[in-house]
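Ready for a few exercises? Have a go at each task yourself, then read the worked solution below it.

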Amino acid sequence: MKIINENEFNEVTKSGVVLVDFFASWCGPCRMMAVILEDIAKEVDGTAQIYKVDVDESESLARKFGIMSIPTLLLFKNGQLVEKHVGVWQKEDCIKAIKNI
């Protein structure tokens, strides 16, 4: 999964289904979520794109979306935020959300 910065964010989220994981390298639950996202990426390949945003590197982007706790996952469809999940998102629930868009 690619880590994107603020400059890339608008471009990658403007079309299709995109899941963005706001994380930090020092965050234990974020590391757990990363493993889950690896599995999810294999299952939704071709249906959705998954990207990561490091909150320490992209503070203004985290502020823009009101990220107060990490991991926080944002699900976009064609540039519009459709779901926000705070904390570790279980694989089955995340895949269901992606497929139901």
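**Exercise 1. A loop residue and its neighbour**

Where does Glu57 lie? Find its place, decide whether Glu57 is buried or exposed, and then do the job again for Ser58.

Solution. Before we start, keep in mind that this is a predicted model.

- Step 1: Glu57 sits in the loop between β3 and α3.
- Step 2: Its relative accessible area is 64%. Exposed means over 50%, so Glu57 is exposed.
- Step 3: Ser58 is found in the loop between β3 and α3 too, but its relative accessibility is 2%. The cut-off for buried is under 20%, so Ser58 counts as buried.
- Step 4: What does Ser58 touch, once residues up to four places away in sequence are set aside? The list is Ile4, Asn5, Glu6 and Val53.
- Step 5: For a sense of distance, go back to Glu57 and look across to Ala97: the two are 40 residues apart along the chain, and their C-alpha atoms are separated by 28 Å.

**Exercise 2. The whole fold**

How many helices and strands does the protein have, and in what pattern do they follow each other?

Solution.

- Step 1: Count the elements, and you get four helices and five strands.
- Step 2: Read along the sequence and write them down as you go: β-α-β-α-β-α-β-β-α.
- Step 3: Now for compactness. The radius of gyration is 12 Å, and the globule rule gives 13 Å for 101 residues; the two are close, so the protein is as compact as a globular protein of that length.
- Step 4: Put a box around the C-alpha atoms along the principal axes, and the box is roughly 30 × 30 × 20 Å.
- Step 5: Look at what is covered and what is not. Of the 101 residues, 43% count as buried, while the accessible surface comes to about 5600 Å², with 47% of it belonging to carbon and sulfur atoms.
- Step 6: Check the contacts between residues at least 6 apart in sequence: 69% of them join residues at least 24 apart.
- Step 7: Finish with the charges. There are 12 positive and 15 negative ones, and their mean positions are 4 Å apart.

**Exercise 3. One helix and its packing**

Which residues of α2 are buried, and what do they pack against?

Solution.

- Step 1: Get the helix in view. α2 covers residues 28-43, which makes 16 residues, and reaches 24 Å from its first C-alpha to its last. That is close to the 22 Å expected at 1.5 Å a residue.
- Step 2: Pick out its buried residues: Cys30, Met33, Ile36, Leu37 and Ile40.
- Step 3: Think about the spacing. An α-helix has 3.6 residues a turn, so residues three or four places apart point the same way.
- Step 4: See what lies against these buried residues: β2 (17-23), β3 (49-54), β4 (72-77) and α4 (91-99).

**Exercise 4. Unusual backbone spots**

Which two residues does a cis peptide bond join, and what is the sign of phi at Asn78?

Solution.

- Step 1: Start with the background: most residues other than glycine have a negative phi, and most peptide bonds are trans.
- Step 2: The cis bond joins Ile70 and Pro71, with omega at about 0°. Pro71 has its place in the loop between α3 (59-64) and β4.
- Step 3: Asn78 is not a glycine, yet its phi is positive, about 50°. You'll find Asn78 in the loop between β4 and β5 (80-86), and at 45% relative accessibility it counts as partly exposed.
- Step 4: Asn78 also turns up among the contacts of Thr13, along with Val18, Val20, Phe76 and Gly79, not counting residues up to four places away in sequence. Thr13 itself is in helix α1 (residues 6-13) and counts as buried, at 3% relative accessibility.

**Exercise 5. A strand residue and its partners**

What is His85 in contact with, leaving aside its neighbours within four places in sequence?

Solution.

- Step 1: Locate His85 in strand β5.
- Step 2: Its relative accessible area is 21%, so His85 is partly exposed.
- Step 3: Its contacts are Pro71, Thr72 and Leu73.
- Step 4: Take Thr72 from that list. His85 and Thr72 are 13 residues apart along the chain, and their C-alpha atoms are separated by 5.6 Å.

Key
Residues numbered from 1 in each chain as written. Predicted model: local features only at pLDDT ≥ 70, side-chain atom pairs only at ≥ 80, totals over all residues. Heavy atoms only, no water. Helix = DSSP H or I, 4+ residues; strand = E, 2+ residues; numbered from the N terminus. Rg over C-alpha atoms; globule rule 2.2 N^0.38 Å. Buried < 20%, exposed > 50% of the residue type's maximum accessible area, 1.4 Å probe, protein only. Contact = heavy atoms within 4.5 Å. Areas by Shrake-Rupley, 256 points an atom, 1.4 Å probe, with all protein chains shown as cover. Lys, Arg positive; Asp, Glu negative; His and termini not counted. Charge placed at Lys NZ, Arg CZ, Asp CG, Glu CD. Expected span 1.5 Å × (residues − 1).
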